[in-house]
Amino acid sequence: MTPSNSIIEVRGLRKQFGGLKAVGGDTGVSFEVPRGKITGLIGPNGAGKSTTFNLISGVLKPTAGSVFYNGEPLSNKKTSEITAAGLSRTFQTPRSFPTLTVLENVVVGASSPGEWLRTALVGGWRSNEQDTLEKAQLALNTVGLAERANDEVTNLSGGELRMLEVARQLVRDPDVLLLDEPTAGVDPGLQNRLRKLLLDLHEKGTTLVVVEHNLHFLLEIAHQIVVLQNGELLAAGTPQDIKANPKVVSAYLGDEHAA
């Protein structure tokens with residue numbers, strides 16, 4: 001069977017917290033993520049970006065609607081099962097183990113989180129763990145942190161912590177990587193490195209979904225941009241489509257971005 005051009009399909013997605021309709025309003029949000037492409041998810045504060053992101057990655061369960069990954073519904077799957085299927089994500093606030101080195105942080109959770117953490121804490125690695133160590137070192141090299149492998153995580157800058165967060169997901173070799181605000185607190189030099197990294201991942205076939213406030217960053221790399229407003233889908237299309245969309249210009253971008 002020929003694989004679908006869409007690796008993720010969001011169908012009628014709704015999330016309600018008590019009386020608050022956080023995502024989807026009354027009718028639900030629907031859009032698709034093209035396989036092997038870079039999709040940006042944008043919108044004003046409170047638009048529902050993070051909630052939508054959490055619904056796609058399985059952190060939250062929808063009130064209604066479904067998310068399909070490679071044609072399979074995710075609603076009843078645990079986050080660990082979703083990750084094992086090839087969908088990984090970073091978090092807006094980088095997560096790390098401060099008592100471990102940069103390298104140890106990458107290998108922790110690569111296959112069995114509890115086992116890796118115990119191994120790291122007691123020191124030393126068994127022979128059957130060497131493959132993951134090598135993958136972790138490669139991931140650090142990919143994000144530009146190879147020289148910091150043996151440093152304590154507490155010595156990293158905020159931007160370097162975000163790059164470490166990306167490395168921790170790359171070691172899983174995901175088919176889809178979801179990135180939550182990857183440029184927040186990242187200096188221009190690291191942003192350029194991150195831009196190159198995401199484009200390189202795209203060239204290798206990885207599908208990327210990026211929630212980002214840095215619109216300029218997204219306009220440079222995204223093939224598709226999905227725009228949310230008040231929890232509902234406002235528009236979806238190419239960066240050129242989005243810049244020229246009067247509704248988007250009025251609600252989010254501002255007149256200076258109009259084509």
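# Notebook: helix H1, cavities, a pocket and the cores

**Helix H1.** I began with helix H1 (residues 49-57), where eight of the nine residues are buried, so the rest of the structure largely encloses this helix. The model is a predicted one. I listed the buried positions of H1 as Lys 49, Thr 51, Thr 52, Phe 53, Asn 54, Leu 55, Ile 56 and Ser 57. I then checked the residue that follows: Gly 58, just after H1, has a positive phi of about 90 degrees.

**Cavities.** I searched the whole structure for cavities of 30 Å³ or more and got two. The largest cavity holds about 50 Å³ of space. Leu 55 and Gly 58 turn up again here, in a lining that also has Leu 13, Leu 60, Lys 61, Pro 62, Val 67, Leu 74, Ser 75 and Ile 82. I sorted that lining by class and found seven nonpolar, two polar and one charged residues.

The second largest cavity holds about 40 Å³. I noted its lining as Thr 90, Phe 91, Pro 94, Arg 162, Glu 165, Val 166, Asp 180 and Pro 182. Which helix gives the most to this lining? I found that helix H6 (residues 158-170) does, with three residues. The classes here are four nonpolar, one polar and three charged.

**Second largest pocket.** I turned next to the second largest pocket, which has a volume of about 300 Å³. Lys 135, Leu 138, Ala 139 and Thr 142 are among its lining residues. I also recorded Leu 170, Val 171, Asp 173, Pro 174, Asp 175, Leu 201, Lys 204 and Thr 206 in the lining. Helix H5 (residues 130-143) contributes the most, with four residues. By class I have six nonpolar, two polar and four charged residues for this pocket. I looked up the domains as well: domain 1 (1-86 + 174-259) and domain 2 (98-173) each supply at least three residues to the lining.

**Ala 139.** I picked out one lining residue of this pocket, Ala 139, which lies in helix H5. Is Ala 139 buried or exposed? Its relative accessible area is 5%, which is under the 20% cut-off, so I put Ala 139 down as buried. Leaving aside neighbours within four places in sequence, I found Ala 139 in contact with Val 106, Ala 167, Leu 170 and Val 171. I also took a C-alpha to C-alpha distance: Ala 139 and Val 107 are 10.0 Å apart in space and 32 residues apart in sequence.

**Nonpolar cores.** In soluble globular proteins, nonpolar side chains tend to be buried together. I therefore looked at the largest nonpolar core, a set of buried residues joined through side-chain atoms, which has 42 residues. Which members touch the most others? My list is Val 106, Leu 140, Val 143, Leu 164, Leu 170, Leu 197 and Leu 198. This core takes at least three residues from each of domain 1 (1-86 + 174-259) and domain 2 (98-173). I also found a second, separate core of 24 residues, with Val 23, Leu 87, Val 176 and Val 211 among them.

I followed up Leu 140 from the larger set. With neighbours within four places in sequence left aside, Leu 140 is in contact with Val 102, Leu 103, Val 106, Leu 145, Ala 146, Ala 149, Leu 164 and Ala 167. Val 106 and Ala 167 are in my contact list for Ala 139 too.

How values were computed
Residues numbered from 1 in each chain as written. Predicted model: local features only at pLDDT ≥ 70, side-chain atom pairs only at ≥ 80, totals over all residues. Heavy atoms only, no water. 1 Å grid on protein atoms, 1.4 Å probe; cavity = no way out; pocket = protein on both sides within 12 Å on 5 of 7 lines; lining within 4 Å. Points joined across faces, edges and corners; volume = space filled by probe spheres on them. Helix = DSSP H or I, 4+ residues; strand = E, 2+ residues; numbered from the N terminus. Nonpolar A, V, L, I, M, F, W, Y, C, P; charged D, E, K, R; others polar. Domains from an automatic or database assignment. Core = buried A, V, L, I, M, F, W, Y, C linked by side-chain atoms within 4.5 Å. Buried < 20%, exposed > 50% of the residue type's maximum accessible area, 1.4 Å probe, protein only. Contact = heavy atoms within 4.5 Å.
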